[in-house]
Amino acid sequence: MSRIIHIAAALLIGPDGKTLLVRKRNTQAFMQPGGKIEPGEQPVNALARELHEELGVRIDTAAAVYLGAFSAPAANEPGFEVRCELFRVQVEGAVEAAAEIEEAVWVDRHSHAYLELAPLTRDHILPLYTAG
Ligand SMILES: Nc1nc2c([nH]c(=O)n2[C@@H]2O[C@H](COP(=O)(O)OP(=O)(O)OP(=O)(O)O)[C@@H](O)[C@H]2O)c(=O)[nH]1
């Protein structure tokens, strides 16, 4: 059995430059919006589907900027690694978290210090955001 979870995720940037992290229901760590890529699905299409399901956000896939592939221990599945295709996505309107999202927070370069973060977000994605 594969011990790798393939996901597509967003570095989602709001109008004020903050970025959105989500905490899924019955989990502890904040992470990137996104989710698993289904068989045969293009990563950017998986991202668009997940952002719509989770946050009611419709994105223009042509405007999503591919930032690369990043890996880390999975936050919620012991012994698994998450492999993420990451896209930078700019959103203008409000986001509306679906029931599967327990909490969604906008953070800036300084305001995430006290959040419990998934390893991928903590070690790869927020450093990228902070440097950018
Ligand atoms: N979406 C997302 N998942 C992550 C991140 N970091 C990380 O370790 N993961 C792991 O990857 C798994 C992806 O599952 P998911 O629950 O987001 O995906 P999904 O909506 O397609 O799942 P489902 O259809 O099985 O409910 C999470 O359970 C989590 O353990 C991240 O930044 N974003």
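**Exercise 1. Burial and overall dimensions**

What percentage of the 132 residues of the protein chain count as buried? Describe also the extent of the chain in space.

*Solution.* The model is a predicted one. Step one: in the protein chain, 31% of the 132 residues count as buried. Step two: along the principal axes, the C-alpha atoms fill a box of roughly 45 × 35 × 30 Å.

**Exercise 2. Fold pattern and compactness**

Determine the order of helices and strands along the protein chain, and assess its radius of gyration against the globule rule.

*Solution.* Step one: the secondary structure consists of two helices and six strands. Step two: read along the sequence, these elements follow the pattern β-β-β-α-β-β-β-α. Step three: the radius of gyration is 14 Å, close to the 14 Å given by the globule rule for 132 residues, so the protein chain is as compact as a globular protein of that length. Step four: of the contacts between residues at least 6 apart in sequence, 66% join residues at least 24 apart.

**Exercise 3. The largest nonpolar core**

Identify the residues that touch the most other members of the largest nonpolar core, and state which element gives the most to this core.

*Solution.* Step one: this core has 31 residues, and A10, M31 and L47 touch the most other members. Step two: two or more residues come from each of β1 (4–13), β2 (19–24), α1 (43–55), β5 (81–90) and α2 (119–131). Step three: β1 gives the most, with six residues. Step four: leaving out residues up to four places away in sequence, M31 touches L21, V22, A75, A118, L120 and T121.

**Exercise 4. The surroundings of I125**

Establish why I125 is classed as buried, and locate I125 relative to M31.

*Solution.* Step one: I125 belongs to helix α2. Step two: a residue is buried if 20 or more other C-beta atoms lie within 10 Å of its own. Step three: I125 has 24 other C-beta atoms within 10 Å and is therefore buried. Step four: apart from neighbours within four places in sequence, I125 is in contact with L11, Q32, F70, L86 and L120. Step five: I125 and M31 are 94 residues apart in sequence, and their C-alpha atoms are 9.3 Å apart in space.

**Exercise 5. The annotated span**

Which residues does UniProt assign to the feature "domain: Nudix hydrolase"? Characterise this span in the model.

*Solution.* Step one: the UniProt record, an unreviewed entry, places this feature at residues 2–130. Step two: the end C-alpha atoms of residues 2–130 lie 32 Å apart. Step three: the span is 19% helix and 35% strand.

Conventions
Residues are numbered from 1 along each chain as its sequence is written. This is a predicted model: local features need pLDDT of at least 70, side-chain atom pairs count only at pLDDT 80 or more; totals for chains, interfaces and linings use all residues. Helices (H or I, at least four residues) and strands (E, at least two) are DSSP runs, numbered from the N terminus. The radius of gyration is taken over C-alpha atoms; the globule rule is 2.2 Å times the number of residues to the power 0.38. A residue is buried if 20 or more other C-beta atoms lie within 10 Å of its own, exposed if 12 or fewer, and partly exposed in between; C-beta atoms are placed from the backbone. Two residues are in contact if their C-beta atoms, placed from the backbone, lie within 7 Å. A nonpolar core is a set of buried Ala, Val, Leu, Ile, Met, Phe, Trp, Tyr and Cys residues joined through C-beta atoms within 7 Å. UniProt positions are given in the numbering used here, feature names are shortened, and annotations may be inferred rather than shown by experiment.
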